[in-house]
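Trainee: I would like to learn how to read the places where chains meet. Could we take one case and go through it step by step?

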There are 4 protein chains.
Amino acid sequence: MSPSATDADIRAIVSKVRAAGGEAFISRGDRHAVIVLLGDVELFAGLNLGRMAGVLRVMRVSTSYKLVSREHHPERSVVDVAGVPIGPDNFTVIAGPCAVESAEQTAAAAELAMRAGATLLRGGAYKPRTSPYAFQGLGERGLRILAEVRAETGLPIVTEVVDADDVDVVAEHADMLQIGTRNMQNFALLQAAGAVGKPVLLKRGMNATIEEWLLAAEYIAQRGNLNIVLCERGIRTFEKATRNTLDISAVPVAQYLSHLPVIIDPSHSGGRRELVLPLSRAAVVAGADGVIVDVHPAPETAKCDGPQALVGADTDELADSMARLAEFMGRQLTSRQPVHLVPSGARLTA
Amino acid sequence: MSPSATDADIRAIVSKVRAAGGEAFISRGDRHAVIVLLGDVELFAGLNLGRMAGVLRVMRVSTSYKLVSREHHPERSVVDVAGVPIGPDNFTVIAGPCAVESAEQTAAAAELAMRAGATLLRGGAYKPRTSPYAFQGLGERGLRILAEVRAETGLPIVTEVVDADDVDVVAEHADMLQIGTRNMQNFALLQAAGAVGKPVLLKRGMNATIEEWLLAAEYIAQRGNLNIVLCERGIRTFEKATRNTLDISAVPVAQYLSHLPVIIDPSHSGGRRELVLPLSRAAVVAGADGVIVDVHPAPETAKCDGPQALVGADTDELADSMARLAEFMGRQLTSRQPVHLVPSGARLTA
Amino acid sequence: MSPSATDADIRAIVSKVRAAGGEAFISRGDRHAVIVLLGDVELFAGLNLGRMAGVLRVMRVSTSYKLVSREHHPERSVVDVAGVPIGPDNFTVIAGPCAVESAEQTAAAAELAMRAGATLLRGGAYKPRTSPYAFQGLGERGLRILAEVRAETGLPIVTEVVDADDVDVVAEHADMLQIGTRNMQNFALLQAAGAVGKPVLLKRGMNATIEEWLLAAEYIAQRGNLNIVLCERGIRTFEKATRNTLDISAVPVAQYLSHLPVIIDPSHSGGRRELVLPLSRAAVVAGADGVIVDVHPAPETAKCDGPQALVGADTDELADSMARLAEFMGRQLTSRQPVHLVPSGARLTA
Amino acid sequence: MSPSATDADIRAIVSKVRAAGGEAFISRGDRHAVIVLLGDVELFAGLNLGRMAGVLRVMRVSTSYKLVSREHHPERSVVDVAGVPIGPDNFTVIAGPCAVESAEQTAAAAELAMRAGATLLRGGAYKPRTSPYAFQGLGERGLRILAEVRAETGLPIVTEVVDADDVDVVAEHADMLQIGTRNMQNFALLQAAGAVGKPVLLKRGMNATIEEWLLAAEYIAQRGNLNIVLCERGIRTFEKATRNTLDISAVPVAQYLSHLPVIIDPSHSGGRRELVLPLSRAAVVAGADGVIVDVHPAPETAKCDGPQALVGADTDELADSMARLAEFMGRQLTSRQPVHLVPSGARLTA
C-alpha cells in the first residue's frame, strides 16, 4: 500500500479478497502496510486490485518468506523497542541475568548490564528447561520484578514467553517478547506473539536452517507484526568444546536474505565466560546489529547458566570494545541518553 | 505407593508434602502410583513418609528422568490405546494419511492402513508446517472425519496436537495424542498432554539427544500420565540423500534407559516410499514395539508428504513382513480382530 | 567393450585416445571391461571409436561417478574374495579382532569368528589412531600372524592399509584391503589400492555423504578395480549415546545408486557390545550384503575397542540370527565349507 | 631440556631410554627441545634422567596431546615461515589462488595477494578433489611456477601436499606445507610432513573435534617439528546456506588449549565471495593470528572454487580492515618490507 493509504483503504481490499474466497494478511511496517494474499492467483488477477485506493503496487511473490524477505524490501529495517533502536545505524547491547531470581539479584544485574553498555535489560521469568526438575522461573512474580527494575533504571525489558497462553501477561509487562530456541517452531506461540503488538526477539532454533528461521519469522509477520529481531545463538554440531557452535556466517547471510535486524547471543552459543568477549567482538565486525549477553552479580550461585555470565570488569571491557568496533563499522553504540528526554518513568543517565 | 493404596492415601501424602513447602507430582501406572517429591531432601526426611498409609517405599532418586527411567521400573511397559496394546509382546502397526484432507481420502487411507496390518489409524488434523503458507490441516473438522472413520472401521485414532489450547478438543476425539518433532520441547504442550489422561505418542525432536527425549517424556509423566510411547523419526545430520537420518540404534538404547515402548516412523525419516519397507523391517528386528507409516490412496495429489506414502501392493508386503519378523522376534503382530469383538467404548486388557 | 574384446582391442583404444591428447582409464568387471575417457568430448567424437574392434557401445556419461554407478550397470555386482562371494545372493559375515595383538589372540578370535558364522577374517595390523600415543598395530608382523591363522583356518583375510606405501606389502599377505573411515578421501591411498588388484573394502567416512563415498569408490574403480565392497560404519552426529550413528538407510540408498555390494559395521557404529546384535539383524533386513563384526577372546584386555567386541555365546546368537534372517530375505548365509574343498590358491566361481 | 643442552645431551637421553625398552621422541621448539618418553613410568623413574646433562625438568604428562598443549608451554608460539612470523604479536595474511593454473594466472594472483596485504603466497599444485574427474592440479609443474613467482615477488610459498610420497618434492620448493581438511587424519602424511623440517599449516578436518585436531598436530610435533600453524576452515553441519559452518569459537578455544598459532580460512568456510570480508574481520577480533584467503584474477574461469575468490577492490578493503583491526587487537599487520631487505635464502629472526 502507499504510505498515504488509510485504514479504510486496507479494509476495502481485505473485504474484496475474502469475498472472492481468498485470504489476506495485513502487516504494518514503519512506512508501508503490506497485504499478503493467499489463494488462487487467477482469481486475484480478476479483482483489479491495482486500481483500488491506496494501492501502490500489486506483485506476485515467489520466495517462501515474503514479508521478512529483503527481495521486496531492500532497505534494512529498524526495530524500535520502547525508544531503543535496533537496526543498521546502531549497535545495541542487551544484557541481564539468564533468570530473574530475586529483586536484589535483578537490580544488581541491571547495574552490571548498564556498565556493559546495555540499553535493554534481559531477564527470564518463564524458563524453558530441558529437565522438569530444573528451576522453571518465577513466572508473573518475575515479570513484576523486571517492571520494578525498569522503573528504577529506565531500561526497557526483553523477556521470554514460552506458552501462547502467557503472551498477554508477558506483553503487559515487557517491552519486547523473546521466543527461545526450543520454541522457534512452536507455531501457535509465534502467531500469538505476532498478534500482541510488541516487538519480538526470535532466537534461531539450535537445529534450524536459516531458511526455517526466516519462515518462523514469517509466521510472526503474518499476524501483522514486522518488529522482529533475529538472534543467532549457536547451532548444534558434533563439537563439544563449546555448548553450541556460533554460526557467525548467519549474520551476513540472514541480513542478505531479510531486512530484519540480526543480533548474536555470545553467552548461550559459547557457554563459557571467556568466549563472550571474543564472540561479541566478532559479532560487531561481522555486521551484527547487537548482542544479548548474560551478566550476573554472583554467577557461582546462579540458578541458571552461571558459567557463561559476565562479571565485574568484563563488562567494562565489553562496553569499550563494542563502542570502538561499532565506530569502525560506521555505527553508533546505542546509548541511553535519548531516553533522558522523556519525563515518564524518568530514566537514568549512562 | 503400594498397589492397594487409595486415592485418600495419596492425597494425604501430597497435602503433607505441600504443607511443608515441597512439591509433589502423582503419576499413575498400570499397577502402582508413584509420587515424585521435589524440594529439600532434609525436610522430606523429617516427614516420616514411609510410615504413612499406602506407602510401599520411599527412595531418593538421582537420574534426571525418574518416572520414565528403567532404573526403578525394570519391566517394560505396555501402553493400551483404546484396547490396542503397544509393548514388548506385540508389534503394532499404526498407519494412515499424513494429513486428513477429506472424508473420502481418509476412509480410503484407512482401508490401506488395515491392509498394511494397522490396528491404529493415524492422520493429522492440525499440521505444524515450516511455512505459514503451507496447508495447515482441517482442524476440528479433520477430527470429526477421523471419528467417523473410526466408527466405520473400529480403528482407534492417533492424531497430532500442536497447541496446548487444543489439547482438550483433540483429546475429546482422539484415542492417542501425538506430539511432533518440532514440539518435543514445547513444555506447555507436554504438560497439557500429560494432564488430559489420554496416551501420548512422543516423537523425538529432530535434533534432540536421547536423554533430552526422555526428559521431555518426563514432563508428560510428571503430570500423572505414564501411557507414553516414544517414536524415533530420524535426526538431522549432514546427509541429504534422505530427509532425515533414521537413528535405528535409538531403539535399543531408549529401551535400555526407559521402560516405555519405542516405535519407529520409517516414512518421515527416509522421506521416500522405497525406504519404508527396508526401514520397517529393520525396526522390527532392532526390537521396536511398532511402526507408524504414511499411506495415501493417491500420493501424487497429497497435500502433505506424498512422496513417502505407501500405496497399494506395498501395504500387503508391509503386513506380511511385519508379521513374519515379529514372530522371529518372539512377538505377535497386534491384530484387529479383538477390536470388533468388544462393545464400543469398552477396552481390552493388554 | 563387448565381452569378447581382447586386451589388444583395449590397448588400441587407449593408444588412440592418448595420442589425441585425452586420458583413458580401464576397469575390468566380471563380464565387461569399461574404458572411461576424460577430455574434450568434441575431440573424442572425431575419433570414431564406435567403429573400433571390441567396442560394444560409446556413450557420454554424466553422473559424477560413472564406473560404480548403477545407471549403466543395473545388475548388482558380486565381489569374490579368495572364493568367498559378497553380493546379492548371499549374506557374508566378516569377523575378527579389531587389532592383531598376538598369534594366540588372533587364533582364538578366529575361532570365535567362525562360531559367529564368519567366512572372512578381519584383523588390523596397521591401526590408524587418533592419538599418536595409542597402540598403532604390529605392522608387518601382524600381517604374518594373520597369514598363519589363515593357513590354519582357511579363512581369507581382510585387513586395513593406512598408507599408500604399504599397499604392496599388505596386498602380498591379505585377500582384501580395507580402507578406513579416516582415509576415505586419502586419494593417493585409494588409487594405490585400486591399482594393486585385490578386492577393496571401502568404509564410509564418518562425515562423508553417500555421494562422496561413491566418488571415493570411483577413485579405486578408475585404477581398474571394480571389486569394491562399500561398508557403512556410522556417521558423526550430535548424539553421544552411541559412538557414531549407524545410517541404516545408507544400505538401500547406496544399493540404489551403485551396483557395488554394501555391508554394515555394527561394532564401530554403536561402540557397545549390546548393540551389535540388534544392528546386525537390522542390517540383514535392510538389504545389506554382509556385516563386519569385532570379536575378541578377552575384550577386557583388548588393546583397541574392547567394549564393542562380541564374546562367547553372543557369537552363536549372531550366527543363528544372520542365517535365519538371510533366508527371510531370500539369501543364503555364505558358508565356509567350499573353502576347505578347493586346493589352496584356486578360487570358486560366484 | 635446558636452552643450553647440546645434541649430544639429547642423544644420550634417547639412548638410555631406548636401551631400557622405552620410546623417545624429540621435538625442537624455538628455545627448548622437548623429549617425550613413552613406556613404563616406573621404569623411567628408575633411570634418574633428571640428573643427566642438559635436562631442565622431568615431568609426568597426562593430556593426550603433550607437545602442542599449552599446559607445559604457556607462552604462545611464533612460527617463522621463511622470515614471515605467524604468532601473537602479528596478524598475517596468506593469499593466492586456490589452484595454480598457469604462470600468468599465478603471477596475477600474487599481485592481488600483495594488494590484499599478504606476506605469504598460497596456491595449490596438488589438489585433493572429491571427484576423480575434477582438475587435480599441475603437480610438480605447479610447484615450479610457484617458485618462479616467489623469485619475482619475494613472497614465500604455502602449498598443499596430499601424499606422503610427495612430501620431499613439495618441501624442496615450498616454504610451508599445507595439510588439507581431508587429510587431517592421514597419519602417514602427518608424520612425513613432521619429519621434513618445514613449517606445516594444518587445516582442521571438516568433521574433526578440536581435540582430534590437536592430536593430529601432535603427530607432526612428535616427528620433531613444532612449527605448526592450525587453520580453522569450517565444519560440516546441517546448514546448507554456506559451504561449511565457520567455527569462530575454535580460535579462542584452540589458543587456550595449545600454544600454536591459529588462523582462519574465510574462503572455504563460507564458500561465497561476499562472506570473505565479514568472516576475515571476525577472525581478527576473535584473536586469530592470520587468515588464508583465495584471490583470483578471473574467478569466473577458475578451475577450482572461483565463487569464493576475492577480486580487485575487495582486496584493498581486506588489507585496510585487517590492518586497522589488528591494531585494535594490539597486533601489527605483518608487512612485506623485511623480505626485500635480506639476501635470498637468508631468514629473518621472528
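Mentor: We can begin with polar contacts. Six residue pairs are in polar contact across the interface of chain D and chain A, both partners at pLDDT 80 or more. That cut-off applies since this is a predicted model.

Trainee: Which helices of chain D supply at least two residues each of the side that touches chain A?

Mentor: They are α8 (250–257), α10 (273–285) and α11 (312–328) of chain D. The largest share comes from α10(D), with six residues.

Trainee: How do the residues on that side of chain D divide by class?

Mentor: The side of chain D that touches chain A has 20 nonpolar, seven polar and seven charged residues.

Trainee: How many salt bridges are there between chain D and chain A?

Mentor: A salt bridge needs a Lys or Arg nitrogen within 4 Å of an Asp or Glu carboxyl oxygen. Between chain D and chain A the count is two. One pairing is that of A:R204 with D:E239, where the closest N and O atoms are 2.7 Å apart.

Trainee: What area is buried between chain D and chain A?

Mentor: About 2800 Å² is buried, and carbon and sulfur atoms give 73% of that area. On the side of chain D, 22% of the buried area is supplied by D:F238, D:E239 and D:F328, more than by any other three residues. D:E239 is thus named twice, here and in the salt bridge with A:R204. As for contacts, 34 residues of chain D touch 34 residues of chain A.

Trainee: Is helix α8 of chain A mostly covered or mostly open?

Mentor: To judge a helix, count its buried residues, those under 20% relative accessible area. In α8 of chain A (residues 250–257), six of the eight residues are buried, so by that cut-off the helix is mostly covered. The buried ones are A:A250, A:V251, A:P252, A:V253, A:A254 and A:Q255.

Trainee: What covers the buried residues of α8(A)?

Mentor: The cover includes α7 (210–221), β10 (228–232) and β11 (262–264) of chain A, together with α10 of chain D.

Trainee: Now the other pair. What area do chain A and chain B bury between them?

Mentor: Chain A and chain B bury about 2700 Å², with 50% of it on carbon and sulfur atoms. In chain A, the residues that lose the most area to chain B are A:P132, A:Y133 and A:N207, together 26% of what that side buries. The contact involves 30 residues of chain A and 30 residues of chain B.

Trainee: Which side chains meet in a salt bridge there?

Mentor: The interface of chain A and chain B has two salt bridges. In one of them, B:R236 meets A:E212 at 2.6 Å, N to O. Polar contacts between chain A and chain B come to twelve residue pairs, both residues at pLDDT 80 or more. On the side of chain A, β2 (33–38), α6 (187–196) and α7 each supply at least two residues. The most come from α7(A), with four. By class, that side has twelve nonpolar, ten polar and eight charged residues.

Trainee: By what turn can chain A be laid on chain B?

Mentor: A turn of 180° with a shift of 0.0 Å along the axis lays chain A on chain B, with an RMSD of 0.2 Å. This is the relation of a two-fold axis. In chain A, the C-alpha of A:N207 is the nearest to the axis, 2.9 Å from it.

Trainee: Why can we say the copies meet through the same surface?

Mentor: Because 100% of the interface residues of chain A are also interface residues in chain B.

Methods
Residues numbered from 1 in each chain as written. Chains lettered and ligands numbered in written order. Predicted model: local features only at pLDDT ≥ 70, side-chain atom pairs only at ≥ 80, totals over all residues. Heavy atoms only, no water. Contact = heavy atoms within 4.5 Å. Buried area = accessible area lost by both parts, 1.4 Å probe. Polar contact = N/O pair within 3.5 Å; in protein donor to acceptor, adjacent residues only side chain to side chain. Nonpolar A, V, L, I, M, F, W, Y, C, P; charged D, E, K, R; others polar. Least-squares fit on C-alpha atoms with pLDDT ≥ 70 in both. Buried < 20%, exposed > 50% of the residue type's maximum accessible area, 1.4 Å probe, protein only.
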